[in-house]
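Student: I should like to learn how to read a protein model feature by feature. Could you guide me through one?

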Amino acid sequence: MSALACLELGYVARAHGLRGEVAVRAFDPASETLGTVERVRLRLRSGEEREYAVESFRPANKEDLLYFEGVESRTAAEALVGAKVFVYREDLEPPEEGEFFQGDLVGLAAVDEQGASLGTVEEVWATGEVPNLVIRAKGRPELVVPFADEFVPAVDVPAGRIVIRPPEYLEADGPEGPGDGDGG
């Protein structure tokens, strides 16, 4: 599967019920995308990828509940827990000029305003009024930044790069973060 052909939407959070239904947690809880597509692609924890037809969809509190064709038991549904959920771009309406899908942010190289690497956007958490970007880099503390103009002055999806203005309290502590490097 080409990264450009699909868009990561979320993950299978848990099995639901006894007949094979799964709960999918999307990056954007307000997204209705899973209710509009007829198929998804799952990347299992093992790395194996499978395409599934969506038999039914119903929104729930913080998740969407789906039945996939061929998944007919709780055991089969449990085998999908932790799988990343992708939708095919060709099945979606394209974003408007200057807009992009939240899933397009995953995998972007995060840099500060001077161009220094901060890591890679690994996840998007939609837990409040604005989504939070989770940026990780080997040997550095995880950085969680609100996806708002104040903290994200530029996004260049085609170039694979996002400019981050970390919150002031992180800059004051330096790249190691609070308590690192001070011997205690």
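Tutor: The discussion below goes from the overall fold to single residues, in a model that is predicted.

Student: How many helices and strands does the chain have, and what pattern do they follow along the sequence?

Tutor: The chain has 2 helices and 12 strands. Along the sequence they follow the pattern β-β-β-β-β-α-β-β-β-β-β-β-β-α. The chain has 184 residues, and buried residues make up 36% of them.

Student: What is the strand order in the closed barrel?

Tutor: The closed barrel has 6 strands in the order β1-β2-β5-β4-β3-β6, and the pairing is antiparallel. On average, neighbouring strands of this sheet are turned by 45° against each other, direction ignored.

Student: Which bridges may I use to trace the pairing of β2 with β5?

Tutor: Strand β2 (residues 21-26) and strand β5 (residues 64-68) are antiparallel and share 3 bridges. On this seam, V24 has D64 in β5 as its bridge partner.

Student: How many bridges join β6 to β1 and to β3?

Tutor: β1 and β6 run antiparallel and are joined by 5 bridges, and in this pair C6 has Y88 of β6 as its partner. β3 and β6 also run antiparallel, joined by 3 bridges, with L42 opposite V85 in β6. As for burial, β6 is mostly covered, with 4 of its 5 residues buried.

Student: What is the general idea behind a nonpolar core, and which residues have the most contacts inside the largest one here?

Tutor: In soluble globular proteins, nonpolar side chains tend to be buried together. Here the largest nonpolar core has 22 residues, and L34, V40, L42, F68 and L80 have the most contacts inside it. The elements that give two or more residues to this core are β1 (6-16), β2, β3, β4 (49-59), β5 and β6 (84-88). The most comes from β1, which gives 4 residues. L42 therefore appears twice in our reading, as a residue with many of the contacts in this core and as the one opposite V85 in β6.

Student: R41 has a charged side chain; is R41 buried or exposed?

Tutor: R41 lies in strand β3 (residues 39-43). R41 counts as buried because its relative accessible area is 18%, and the cut-off for buried is under 20%. The side chain of R41 makes a polar contact with the side chain of E49, at 3.0 Å.

Student: Where does the charged end of R39 sit?

Tutor: The charged end of R39 sits over the ring of Y88, 3.8 Å from the centre of that ring. Y88 is also the bridge partner of C6.

Student: What is the order of the open sheet, and which strands stand at its edges?

Tutor: The open sheet has 6 strands in the order β10-β9-β8-β7-β12-β11, with mixed pairing. β10 and β11 (154-156) stand at the edges; each has a single partner strand, so one side of each is left without a neighbour in the sheet. The twist averages 30° from one strand to the next. At the β11 edge, 3 bridges join β11 to strand β12 (residues 161-163), and the two run antiparallel. A154 is paired with V163 in β12.

Student: How many residues lie between the strands in the hairpins of this sheet?

Tutor: The hairpin of β7 and β8 has 5 residues between its strands, and G115 in the turn has a positive phi of about 95°. These two strands run antiparallel with 3 bridges, and A109 stands opposite T120 in β8. A hairpin with 6 residues joins β8 to β9; this antiparallel pair has 5 bridges, and W125 is partnered by N132 in β9. The hairpin of β9 and β10 has 6 residues between the strands, with G139 at a positive phi near 80°. Strands β9 (residues 132-136) and β10 (residues 143-146) are antiparallel over 4 bridges, and I135 stands opposite L143 in β10.

Student: Is T127 buried or exposed?

Tutor: T127 lies in the loop between β8 (117-125) and β9. T127 counts as exposed because its relative accessibility is 66%, and the cut-off for exposed is over 50%. T127 and F27 are 100 residues apart in sequence, and their C-alpha atoms are 9.1 Å apart in space.

Methods
Residues numbered from 1 in each chain as written. Predicted model: local features only at pLDDT ≥ 70, side-chain atom pairs only at ≥ 80, totals over all residues. Heavy atoms only, no water. Pairing = 2+ DSSP bridges. Lys NZ or Arg CZ within 6 Å of the ring centre and 35° of its normal. Axes fitted to C-alpha atoms, helices over the stretch in contact; angles between N-to-C directions. Buried < 20%, exposed > 50% of the residue type's maximum accessible area, 1.4 Å probe, protein only. Polar contact = N/O pair within 3.5 Å; in protein donor to acceptor, adjacent residues only side chain to side chain. Core = buried A, V, L, I, M, F, W, Y, C linked by side-chain atoms within 4.5 Å.
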